[in-house]
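Open the structure in your viewer and keep the selection panel at hand. The stops below go from one selection to the next.

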Amino acid sequence: IFRHRMSKSNLQLNIENETSALKSVILGIGEDSGPFYPNNPKMKYHITNGTMPKQKDMISEIEGFRQILENYGIKVIMPRNIPGQDQMFSRDIAFVIGNKIVKANMKIDNRRPEYEGIKHIIKQINLDNVLIPPKEAFIEGGDVVLYNKYIFVGQGNRTNYAGYKFLKNSFPEKEVIPLNLKVTLDHLTNVLHLDCVFQPVGHNHAILYEEGFLEKPKAIIDIFREKNIIKISAKEKFDMFPNIFSISPKLVVIEKNFHRLNEELNKIGIKTIRVKYSDMEKNDGLLRCSTLPLYREKT
């Protein structure tokens, strides 16, 4: 049945949350990525100190992640390679809400060409279901986190108020909640995207770094409730604990060194698959950043 849905002329979309059973996803690639640009404080720090990852190591980590996804029967689609272009983090360049795909409007010039690498996939989607923001509305997929009727939108260096308003107007049936992120020039404290400090997990839990916001994220706490929130430390935020990836409500892929998070997830009945992704993290992105989910089971 699913193969029919994925037919070339009509690629079906359905994403309502971060955790329902995943059926298809675009996964970033690490090949032929060209020079590193200091696009965020963490990258600038690693470039300055000569500690950026080798391309072969990033390719190896992405391949390990791809194999996990395919082992669970998930259709994995890769972008077309653009020589000399960073294409690791497909989450930022577009994202799906319901049956619509939104083209991101990216602030960083050197990342804008990445969208060309997924145009062959976008062409398989009904044109009515492709949304393009106006030029003043900056939005990246890392700032857009879904939880059924709620859309949380990070407001920081990459997504602006016009981007939030665009989503609010495009999805009137949803409750769209803006959250102001803490943006700094320090690689230890800067919050690049909302999914670096917050992500739902399971059916009604969330991982949260409370200090990553300009004010207490009351909306998140009210919706998920304190008892269902796994709160993390500044060091755990730096290591990117929130940027895991759910295959289903009961199965999550996490970085293999996230020992405390592994225990916390196991405690609430979530099984984890641990994968090495520590080289990718130096780009200030992890597992969620690498993925652009297209279809999750309807709930």
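Begin with strand 10 (residues 205-208) and strand 11, which pair in the parallel sense over three bridges. This is a predicted model, and the tour treats it as such. Within this pair, select Ile207; opposite this residue, in strand 11, stands Ile230.

Now widen the selection to the sheet. Three strands form an open sheet in the order 9-10-11, and the pairing is mixed. Which strands stand at the edges? They are strand 9 (198-201) and strand 11 (229-231); each has a single partner strand, so one side of each lacks a neighbour in the sheet. On average, neighbouring strands here are turned by 20° against each other, direction ignored.

Add helix 8 (residues 259-267) to the view. Helix 8 lies across strand 9, strand 10 and strand 11, and runs at about 165° to strand 11.

Next come the salt bridges, of which the structure holds 24. Side chains of opposite charge can pair when their charged atoms come close.

Select Glu61 and Lys276. Their side chains meet in a salt bridge, at 2.6 Å from N to O. The pair links distant parts of the chain, 215 residues apart: Glu61 belongs to helix 3 (residues 55-71), while Lys276 sits in the loop between strand 14 (271-275) and strand 15 (291-296). Is each partner buried or exposed? Glu61 counts as buried because its relative accessible area is 3%, under the 20% limit. Lys276, at 36%, is partly exposed.

Move to Arg111 and Asp92. They form a salt bridge in which the closest N and O atoms are 2.7 Å apart. This pair also links distant parts of the chain, with the two positions 19 residues apart in numbering. Arg111 is in the loop between strand 4 (100-103) and helix 4 (119-122); Asp92 is in the loop between strand 2 (75-77) and strand 3 (94-97). Both Arg111 and Asp92 are buried.

The third pair to select is Glu210 and Lys216, whose side chains meet in a salt bridge at 3.0 Å, N to O. Glu210 is buried, with a relative accessible area of 17%, whereas Lys216 counts as exposed at 52% relative accessibility. After that, select Glu18, Arg91, Asp195 and Arg288 together: salt bridges that share partners join these residues into one network.

Go back to helix 3 and pick Arg66, which is found there. What does Arg66 touch, leaving out residues up to four places away in sequence? The contacts are Leu27, Val76 and Met78. For a distance across the model, add Gly163: its C-alpha atom and that of Arg66 are separated by 31 Å, and the two residues are 97 apart along the chain.

Finally, clear the selection and look at the whole chain. Its secondary structure comes to eight helices and 15 strands. The C-alpha trace spans about 45 × 40 × 40 Å along its principal axes. The radius of gyration is 18 Å, which agrees with the value near 19 Å for a compact globule of 299 residues. Buried residues make up 59% of the 299 residues. Of the contacts between residues at least 6 apart in sequence, 72% join residues at least 24 apart. With a surface display on, the exposed area is about 12800 Å², and carbon and sulfur atoms supply 51% of it.

Note on methods. Residues are numbered from 1 along each chain as its sequence is written. This is a predicted model: local features need pLDDT of at least 70, side-chain atom pairs count only at pLDDT 80 or more; totals for chains, interfaces and linings use all residues. Side-chain values use heavy atoms; hydrogens and water are left out. A salt bridge is a side-chain nitrogen of Lys or Arg within 4 Å of a carboxyl oxygen of Asp or Glu. Helices (H or I, at least four residues) and strands (E, at least two) are DSSP runs, numbered from the N terminus. Buried means under 20% relative accessible area, exposed over 50%, partly exposed in between (1.4 Å probe, protein chains only). Two strands pair if DSSP finds at least two bridges between them. Axes are lines fitted to C-alpha atoms, for helices over the stretch in contact, and angles run from 0 to 180 degrees between N-to-C directions. Contact means heavy atoms within 4.5 Å. The radius of gyration is taken over C-alpha atoms; the globule rule is 2.2 Å times the number of residues to the power 0.38. Accessible areas come from the Shrake-Rupley method with a 1.4 Å probe; for residues, only the protein chains shown count as cover.
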